[in-house]
Amino acid sequence: MPDFKLREAFTEQQAEAEAEGADEYKKKGNAAFQAQNWDEAIKNYNKAIQLDPKQAAFYSNRAACWSSKGSHESALADANRCLEADPDFVKGYSRKGKALFDLQKLDEAEAAYQEGLAKDPANAGIASGLADVKRARAEARQRSSTFGGASSSGGFGGFGNLGNLGGLGKRLMDTLKKGGIGGRMQMYAVVMSGYFLYNNYVKGGSKTTGSREAGDDAEPASAGAASPLRRGFSQVDGSWYSFLE
């Protein structure tokens, strides 16, 4: 019996010593983190975890280091370890949401933040993370609306009546960039198509049938107006030439 109590007392003292040592490494890690020395901070948090692997805060702090280094997968792994150690550790949800946000997984990031908000509705860090998710979604919608071709409310890039021409122009440019249009004749055809679209739908206004989308005060074309010039192509001695007619 006395021998059992001696071993129990020794075990308790060893656990206390390890906990104190882990806390010291945590403090060193925090100091390195404040100095933005991420690698040094990670080394100290590693040692703290080795001495006391059940402390959720150590994983949370190391996750913050990974995020700062741009290692978002590692940050996510440590955030999950943090929550496994203590599901009530609210900052773990914030770390998880941040890692998922940086990985551009907005739906999962929002879910993680919402879990944390359920634990602590007044947590400012989680509220800020949710605001970042909403802002990113709004910016994505804005980019899609600006560069995604025609919209249901009036076309492409503010040229109200272009319909799907914006998308067509984008496809033509993509094809050119990929080298998908070969030969000088084909290139001339693409350039002239672009000129025609610009001249008739952007510069000259969209021509519609049975509507006056250009404005009720638009004047009809003059009966005596000269017909527009047209560009033609001719092959001479194996070379293609363009001319106006």
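Does Arg62 count as buried or exposed, and at what relative accessibility? Let's work through this and a few more exercises around helix H3.

This is a predicted model, where local features need pLDDT of at least 70, side-chain atom pairs count only at pLDDT 80 or more, and totals for chains, interfaces and linings use all residues. Residues are numbered from 1 along each chain as its sequence is written, and side-chain values use heavy atoms, with hydrogens and water left out.

**Exercise 1. Place Arg62 and describe its surroundings.**

Step 1: Arg62 lies in helix H3; helices here are DSSP runs of H or I with at least four residues, numbered from the N terminus.
Step 2: Its relative accessibility is 13%, so Arg62 counts as buried (under 20% relative accessible area; exposed is over 50%, partly exposed in between, with a 1.4 Å probe and protein chains only).
Step 3: Leaving aside residues up to four places away in sequence, Arg62 touches Ile42, Tyr45, Asn46, Ile49, Asp78 and Arg81 (contact means heavy atoms within 4.5 Å).

**Exercise 2. Describe H3 as a whole.**

Step 1: H3 has 14 residues and reaches 20 Å from its first C-alpha to its last, close to the 20 Å expected at 1.5 Å a residue (the expected span is 1.5 Å times one less than the number of residues).
Step 2: Eleven of the 14 residues are buried, so H3 is largely enclosed by the rest of the structure.
Step 3: Ser67 is one of the buried residues of H3, with a relative accessible area of 16%. Not counting residues up to four places away in sequence, Ser67 touches His72, Ala75 and Lys98.
Step 4: Just after H3, Gly70 takes a positive phi of about 85°.

**Exercise 3. Work out how H3 packs against H2.**

Step 1: The axes of H2 (residues 38-51) and H3 come within 9 Å and cross at roughly 160°.
Step 2: That makes H2 roughly antiparallel to H3 (angles over 145 degrees; under 35 is roughly parallel).
Step 3: Among the residues that meet are Tyr45 and Ile49 in H2, and Arg62 and Trp66 in H3.
Step 4: By class, this contact of H2 with H3 has ten nonpolar, three polar and three charged residues.

**Exercise 4. Now do likewise for H3 and H5.**

Step 1: H3 (residues 56-69) and H5 (residues 90-102) pack at about 20°, with their axes 10 Å apart.
Step 2: H3 and H5 are therefore roughly parallel to each other.
Step 3: The contact is made by Ser60, Asn61, Ala63, Ala64 and Ser67 of H3 with Lys91, Arg95 and Lys98 of H5.

Conventions: Axes fitted to C-alpha atoms, helices over the stretch in contact; angles between N-to-C directions. Helix = DSSP H or I, 4+ residues; strand = E, 2+ residues; numbered from the N terminus. Parallel < 35°, antiparallel > 145°, perpendicular 65-115°, else oblique. Nonpolar A, V, L, I, M, F, W, Y, C, P; charged D, E, K, R; others polar.
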